[in-house]
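User: Got a minute to go through this one with me? I'd like to talk about helix packing and aromatic rings.

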Amino acid sequence: MASTSKMVSIIIMYMPLLFTKAFSQCEDETNNPCNNKSKALSLKIIGIVVILVTSILGVCLPLITRSIPALSPDRSLFVMVKAFASGIILATGFMHVLPDSFDMLRSSCLTDNPWHKFPFTGFVAMLSAIFTLMVDSMATSTYTTKHTTISTAGDHEMAVTNGGVHFHGHHHSQKGPIGSQLLRYRVVAMVLELGIVVHSIVIGLGVGASNDVCTIKPLVAALCFHQMFEGMGLGGCILQAEYKLMKKAIMVVFFSITTPFGIGLGIGLSKTYKENSPSALITVGLLNASSAGLLIYMALVDLLAADFMGPKLQGSIKLQIKSYAAVLLGAGGMSLMAKWA
């Protein structure tokens with residue numbers, strides 16, 4: 001009995017010290033032998049260049065291969081490549097962004113009760129998916145209505161000019177469905193880019209603020225793989241949207257610079273930004289949760305479901321099996337990357 005009471009008294013005596021130590025580790029950098037500020041800076045600069053190049057290569061690959069008949073959007077190979085890239089985007093949401101958000105919002109560095117008593121990550125991800133559906137639906141409706149109005153006005157003017165109603169009816173029936181599908185592709189491309197941009201900046205911020213050389217090396221390698229194939233998925237959507245050259249260039253540049261920009265921002269804020277501080281954990285955790293909801297929705301609804309329920313894949317079981325294998329390969333490869341990033 002005496003030994004038990006003695007043990008309890010020792011625990012009570014050292015408990016404040018343990019809490020103080022844990023709190024200081026949350027606020028300060030750990031005494032990690034891998035922490036090397038000058039070497040980490042060199043790696044981050046190299047990472048900016050390499051990630052920029054792989055991002056440009058990934059997003060441009062579907063655009064520059066349009067002249068190759070086997071990779072045109074109406075061919076089976078393009079469908080399988082897009083399925084592979086969609087699997088990567090899906091795994092990014094489920095295996096990278098969502099678990100990071102859970103870890104951050106359940107961190108022991110957050111002492112406030114609400115963050116430990118309510119699953120904010122799942123809640124915010126759910127709201128984000130619903131909000132993405134709203135944006136997706138309303139943007140499609142708005143653009144379709146606008147396009148139909150302009151098309152109808154143009155057809156009416158053409159009919160008056162040519163002096164015949166018959167020509168008007170024939171012209172309108174040909175253009176309507178094609179325009180609607182094209183507008184759908186454009187909405188998907190824009191919303192997908194928005195989701196990718198948000199989580200790319202957050203990932204880059206974490207890399208730029210870190211001085212852990214042992215973490216930065218594999219993380220940069222994983223991000224190169226990530227940006228390459230995620231870019232291919234976005235590039236495929238941009239290709240199907242049939243934007244003009246200037247709009248394509250803007251979307252390519254915007255995607256390509258976001259992660260390097262995030263790394264640069266992290267470098268600039270490395271003195272003030274502490275990744276384990278409560279404010280950083282809450283802000284980045286909520287951003288990751290919202291990004292995860294958006295990416296998961298886009299991958300499942302606008303990319304995978306749209307393609308697999310479309311006439312191309314519904315017309316061929318063999319192509320469906322190949323495309324499912326491509327999805328699993330992409331999702332599996334990206335899930336494996338979760339070990340390092």
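**Helix packing and ring pairs**

Analyst: Sure. In α3, residues F78, V81, K82, F84, A85, I88, I89 and T92 meet H226, F229, E230, M232, G233, G236, C237, L239 and Q240 of α7. Keep in mind that this is a predicted model.

User: How do the axes of α3 and α7 sit relative to each other: parallel, perpendicular or oblique?

Analyst: Their axes come within 8 Å and cross at roughly 125°. Angles from 65 to 115 degrees would count as roughly perpendicular, and roughly antiparallel needs over 145. As for the hand, α3 passes α7 in a left-handed crossing. The angle fits neither of those classes, so the two helices are oblique.

User: And what about α2 against α7: roughly parallel or roughly antiparallel?

Analyst: Helix α2 covers residues 37-64, and its axis comes within 7 Å of that of α7. The crossing is right-handed. The axes cross at roughly 20°, and angles under 35 degrees count as roughly parallel. So α2 and α7 are roughly parallel.

User: Which geometry do the rings of F84 and F229 have, stacked or edge-to-face?

Analyst: By the 6.5 Å cut-off between centres, the count comes to five aromatic pairs. For F84 and F229 the centres are 5.1 Å apart and the planes stand at 80°, so with over 60 degrees as the limit the pair is edge-to-face.

User: How many residues apart are F84 and F229?

Analyst: F84 lies in helix α3 (residues 76-105), while F229 lies in helix α7 (residues 213-241). The pair links distant parts of the chain, and the separation is 145 residues.

User: Is F84 buried or exposed?

Analyst: Ring pairs link F84 with F225 and F229 into a cluster. Its relative accessibility is 15%, and the cut-off for buried is under 20%. So F84 is buried.

User: What geometry do F118 and F120 have?

Analyst: F118 has a relative accessible area of 36% and is partly exposed. F120 is partly exposed too, at 22%. Their rings are 5.0 Å centre to centre with 70° between the planes, and that pair is edge-to-face.

User: Last one: which backbone oxygen does the side chain of T258 reach?

Analyst: T258 is in helix α8 (residues 245-268) and is buried, with a relative accessible area of 4%. Leaving aside neighbours within four places in sequence, T258 is in contact with V197, S200 and I201. At 2.9 Å, the T258 side chain reaches the backbone oxygen of F255.

Conventions: Residues are numbered from 1 along each chain as its sequence is written. Side-chain values use heavy atoms; hydrogens and water are left out. Rings of Phe, Tyr and Trp (its six-membered ring) pair if their centres lie within 6.5 Å; planes under 30 degrees apart count as stacked, over 60 as edge-to-face and the rest as tilted. Helices (H or I, at least four residues) and strands (E, at least two) are DSSP runs, numbered from the N terminus. Buried means under 20% relative accessible area, exposed over 50%, partly exposed in between (1.4 Å probe, protein chains only). A polar contact is a pair of N or O atoms within 3.5 Å; within protein, one must be able to donate a hydrogen and the other to accept it, and residues adjacent in sequence count only if both atoms are side-chain atoms. Contact means heavy atoms within 4.5 Å. Axes are lines fitted to C-alpha atoms, for helices over the stretch in contact, and angles run from 0 to 180 degrees between N-to-C directions. A crossing is left-handed if the near helix is turned anticlockwise from the far one by less than a right angle, and right-handed if clockwise.
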